[in-house]
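Me: I would like a close look at one part of this model. Take one residue, then work outwards from there.

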Amino acid sequence: MKTIAERLGISKATVSLALRNSPEVSKKMKARVQAAAEELGYKLNPALGQVLSRIRTHDQYRATLALVNANEDRQAFVRHPTIPEYVAGARGRAELMGYSLDTFWLYEPDMSGERLCSVMTARGIKGALIVGLMDDANFPEKLLPVARNLPAVVTGVRTHEPTLPYVCTDHHGLAFQAVENALRLGYRRPGLVLDGDIDRLVEGRFSAGYLYGQLQLPETNRLRPFYETQRVEAEPELFAGWMEVERPDVIFTLYNNVEDWLKELGFRVPKDIGLIQLEWRRQNNRWAGMHQHNNHTGEAAVDTLVGLIHRGETGIEAEPRAVLIAPSWQDGNTVLNRGHKVVS
């Protein structure tokens, strides 16, 4: 590195950063350094680099990451049913890796995308973790300046225009495993009750896993999903009509109030019909269901973001890799075990 530095008239520190593809060095300088290194036959020793990196950073503060609340609710990090788990996982993993988190709200008044990016740059923030996109999977235009200049990762959904690296639950696998576990419990007419907008947000992966799981059943037992959950309070006959036509013996859903709808129709849970929660939560552990492990999503999102930082990739430049978090089955009192073993 000393030889390269002397040849180019720069410091050894700049050479080191350039060879590690650090975002702190311009692309032009990286190209000069890497060309000189190639000409001289210099190659980094990855193993040695990792050891030295650990020595330099052990028990030391490394840098700051941005934690962007992209939900319209300023308090979504504390009162949304799902988002706080992402945040808890992200905070824990960031602390473990020596990073601090600086929180931003996407809908902050009078804060343009350019201004937001400038603030992050001024604070020395190395990358952005975007949490809370629940209504629209299109990447927020306001965050484009951030994604063009900093490493960025999205949690929960795959964004469009552009697609950035993202970490989310394996919704397809979750729904498919829910069907498999219901069948192993002895149910034969599983039904899906889901807000259609939520299913569209995850590109139909809940429905896809459910419908694929139904292929194990005869056609007469493959039920049409119910997507009109937002209209049931005003039009309860919609759900009642679906129940009368489809006659499910177990229902997969994200919503606890489905149990109330069933009681109003005279069904007893689990004696008459089973209920399986597609987003099992400890605070409502009476239900059987699929644990999404949203805290693991937050942890993996930080891991992914740190990888982008080390490779010197911005959110826009990075290949849109996906990390899917596997769910697991949780027993509960809303289903009957009919002598069959369930699987994780």
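Which residues does Ile-130 touch, not counting residues up to four places away in sequence?

Reply: Some ground rules first. This is a predicted model, where local features need pLDDT of at least 70, side-chain atom pairs count only at pLDDT 80 or more, and totals for chains, interfaces and linings use all residues. Numbering starts from 1 along each chain as its sequence is written, and side-chain values use heavy atoms, with hydrogens and water left out.

Ile-130 touches Val-68, Ala-70, Phe-139, Leu-143, Ala-152, Val-153, Val-154 and Thr-155, leaving out residues up to four places away in sequence. Contact here means heavy atoms within 4.5 Å. Ile-130 sits in strand E3, residues 125–131. Helices (H or I, at least four residues) and strands (E, at least two) are DSSP runs, numbered from the N terminus. The relative accessible area of Ile-130 is 2%, so Ile-130 is buried. The cut-offs are under 20% for buried, over 50% for exposed and in between for partly exposed, with a 1.4 Å probe and protein chains only. One partner can be placed by distance: the C-alpha atoms of Ile-130 and Leu-143 are 9.2 Å apart, with their positions 13 residues apart along the chain.

Next, the cores. A nonpolar core is a set of buried Ala, Val, Leu, Ile, Met, Phe, Trp, Tyr and Cys residues joined through side-chain atoms within 4.5 Å. In soluble globular proteins, nonpolar side chains tend to be buried together. The largest nonpolar core here has 38 residues. Val-193, Phe-239, Ile-251, Phe-252, Val-258, Leu-262 and Leu-278 touch the most other members. Elements giving two or more residues to this core include helix H9 (171–184), strand E6 (190–193) and strand E7 (250–253). H9 gives the most, with six residues. Phe-252 has its own list of contacts, among them Ala-178, Val-179, Val-193, Tyr-210 and Leu-278. Apart from this core lies another, of 28 residues, including Ala-66, Ile-125, Leu-150 and Ala-152. Ala-152 also appears among the contacts of Ile-130.

Now the loop between strand E4 (152–155) and strand E5 (166–169). Pro-162 is found there, and so is Glu-161. A cis peptide bond joins Glu-161 and Pro-162, with omega at about 0°. Glu-161 also has a positive phi of about 50°, although it is not a glycine. Most residues other than glycine have a negative phi, and most peptide bonds are trans. Glu-161 counts as exposed because its relative accessibility is 71%.

Two other loops can be set beside it. In the loop between helix H13 and strand E8, a cis bond links Val-269 to Pro-270, with omega about 5°. In the loop between helix H12 and E7, Arg-247 has a positive phi near 50°. Arg-247 is exposed, at a relative accessible area of 52%.

Last, a helix pair. Helix H6 (83–96) and helix H14 (294–311) pack at about 45°, with axes 6 Å apart. Axes are lines fitted to C-alpha atoms, for helices over the stretch in contact, and angles run from 0 to 180 degrees between N-to-C directions. That angle makes H6 oblique to H14. Under 35 degrees is roughly parallel, over 145 roughly antiparallel, 65 to 115 roughly perpendicular, and the rest oblique. On the H6 side, Glu-85, Tyr-86 and Arg-93 are among the contact residues. On the H14 side, they include Asn-294, Glu-299 and Val-302.
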